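Reader: I have this one open on my screen, and I would love a close look at a single part: the main sheet and whatever packs around it. Could you start from a spot beside it and lead me through?

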Amino acid sequence: MRWYWIDRFIEFESGRLARAIKNISLAEEYLHDHFPGYAVMPNSLVMEGMAQTGGLLVCEYGRFREKVVLAKAPRVVFHLPALPGDTLVYTARIEYLREDGAMVSVTSHRGGELQAEGELVFAHLNGEHQDKVLFEPSAYLRMMRMLRAYEVGHGPDGTPLRVPEELLRAAARK
Amino acid sequence: MPTKEEIFEKVQNALVDALGVDEEEVKPEATLVGDLGAESIDFLDIQFRLEKAFNIKIPRDELLPQDVLTNAQYVQDGRVTEAGLAELRRRMPWANLDRFAANPKVQDFTNALTVEDLCRFVETKVGAAA
């Protein structure tokens, strides 16, 4: 992730569900031109936030070993505009996991109302892309900590979410 | 055991959801790539939906044997060799590869698959009542 379109996780259950919030502020520069006089967060950025929520959920389940990329969005529907001052709550649920990817259902809520919903497909890069490095282990670690995943996260049995040992070791080597 | 009609209906639903096409477009003879506009990444999505709809597992390379299509033993100058075609027919008895075999360019392989092939593939996985 080279840019952040979620502010922090508020729930994170490994392999099942992640919930993150995005506070929209008029201080964000893109809103000044989209549109002049009527600031509204572009739907593509809402989708990016939902994808980041789901993407990190898929990455974490694979202990950050897989190169997870957003492959397609078979269905995304937007019901309401996202405006400065709004807090969006993104929820991502893993519907299906395979060795070569995952399907995640996503929603965005604004003050309890459904703002957007959809399905996203993530692929695990392999074959000719096997040697490509998307993110260094230290970048994953920084991201997950900054987004407070390890503060709110837990496993299916309720035990606190832990940083995978190999990620810690790899991050320490860099 | 589902009937052939039930299998077709579920395959049709999977393709409508994965490819955003109309139900009427998903005819047995329609090719997934040429007629329904599937791209390579859509095959992953289609596999997700078929696995879920029929409660089956589709291992990597079973629906699309990329390992054959990228194997120098079976491909020369961008074309599948006779040995490659024999291997594909062995691995994909459910697919009608006659049209592809007439001009077996690797890049055209995915366009050889039809909705009917996909239904037959599912039949081999779940068994089908007449």
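Author: Happily! Let's start at R63(A), which has 14 other C-beta atoms within 10 Å and is therefore partly exposed: that count is over the 12 that would make a residue exposed, but does not reach the 20 needed for buried. Please keep in mind that this is a predicted model. R63(A) sits in the loop between α2 and β3 of chain A. Its phi is near 55°, a positive value, and the residue is not a glycine.

That loop leads us into the sheet. Seven strands of chain A make up an open sheet with mixed pairing, in the order β3-β6-β5-β4-β2-β1-β7. Its edges are β3 (68-78) and β7 (153-154) of chain A, each of which pairs on one side only. As a reminder, strands of a sheet pair through backbone hydrogen bonds, either parallel or antiparallel.

Let's look at some of these pairings, beginning with β4 and β5. Strand β4 of chain A, residues 87-98, runs antiparallel to strand β5 of chain A, residues 101-110, and 10 bridges join them. If you want a place to zoom in, I94(A) has V104(A) of β5(A) opposite it.

Next come β1 and its two partners. Strand β1 of chain A, residues 8-13, pairs with β2(A) in the antiparallel sense over five bridges. Here F9(A) stands opposite A20(A) of β2(A). The hairpin of β1(A) and β2(A) has three residues between the strands, and G15(A) takes a positive phi near 80° there. The pairing of β1(A) with β7(A) is parallel and has two bridges. In this pairing, F12(A) has G153(A) of β7(A) as its bridge partner.

Now for what packs on the sheet. From chain A itself, helix α2 (residues 43-61) lies across β2 (17-23), β3, β4, β5 and β6 (113-124), and runs at about 45° to β4(A). Chain B contributes too: α2(B) packs on the sheet, where it touches β3, β4, β5 and β6 of chain A, and its direction makes about 70° with that of β3(A).

This brings us to the contact of the two chains, which takes 11 residues from chain A and eight residues from chain B. On the chain B side, α1 (4-19) and α2 (40-54) each supply at least two of the residues that touch chain A. The largest share of that side, five residues, comes from α2(B). Sorted by class, the side of chain B that touches chain A has four nonpolar and four charged residues, with no polar ones.

Let's follow those two helices into chain B. The axes of α1(B) and α2(B) come within 9 Å and cross at roughly 140°, and the two helices are therefore oblique to each other. The crossing of α1(B) past α2(B) is right-handed. On α1(B), the contact is made by K10(B), A14(B), L15(B), D17(B), A18(B) and L19(B), while α2(B) brings D42(B), D45(B), I46(B), R49(B), L50(B), A53(B) and F54(B). In this contact of α1(B) with α2(B), eight residues are nonpolar, five are charged and none is polar.

The loop between α1 and α2 of chain B holds E24(B). This residue counts as exposed because it has 8 C-beta neighbours inside 10 Å.

α1(B) also packs with α6(B). Their angle is about 120°, and the axes of α1(B) and helix α6 (residues 115-126) of chain B are 10 Å apart. That angle makes α1(B) oblique to α6(B). Here, too, α1(B) passes in a right-handed crossing. I7(B), F8(B), V11(B) and L15(B) of α1(B) meet V115(B), L118(B), C119(B), V122(B) and E123(B) of α6(B). By class, the residues of this contact of α1(B) with α6(B) are eight nonpolar, one charged and no polar.

Before you close the viewer, go back to chain A for two more loops. F35(A) is in the loop between α1 (30-33) and α2, and a cis peptide bond with omega of about -5° joins H34(A) to F35(A). R148(A), in the loop between α3 (137-146) and α4 (149-152) of chain A, is a non-glycine residue with a positive phi, near 65°. It has 15 C-beta neighbours inside 10 Å, so R148(A) counts as partly exposed.

Key
Residues are numbered from 1 along each chain as its sequence is written. Chains are lettered from A and ligands numbered from 1 in the order in which they are written. This is a predicted model: local features need pLDDT of at least 70, side-chain atom pairs count only at pLDDT 80 or more; totals for chains, interfaces and linings use all residues. Two residues are in contact if their C-beta atoms, placed from the backbone, lie within 7 Å. Helices (H or I, at least four residues) and strands (E, at least two) are DSSP runs, numbered from the N terminus. Ala, Val, Leu, Ile, Met, Phe, Trp, Tyr, Cys and Pro count as nonpolar, Asp, Glu, Lys and Arg as charged, and the others, Gly among them, as polar. Axes are lines fitted to C-alpha atoms, for helices over the stretch in contact, and angles run from 0 to 180 degrees between N-to-C directions. Angles under 35 degrees count as roughly parallel, over 145 as roughly antiparallel, 65 to 115 as roughly perpendicular and the rest as oblique. A crossing is left-handed if the near helix is turned anticlockwise from the far one by less than a right angle, and right-handed if clockwise. Two strands pair if DSSP finds at least two bridges between them.
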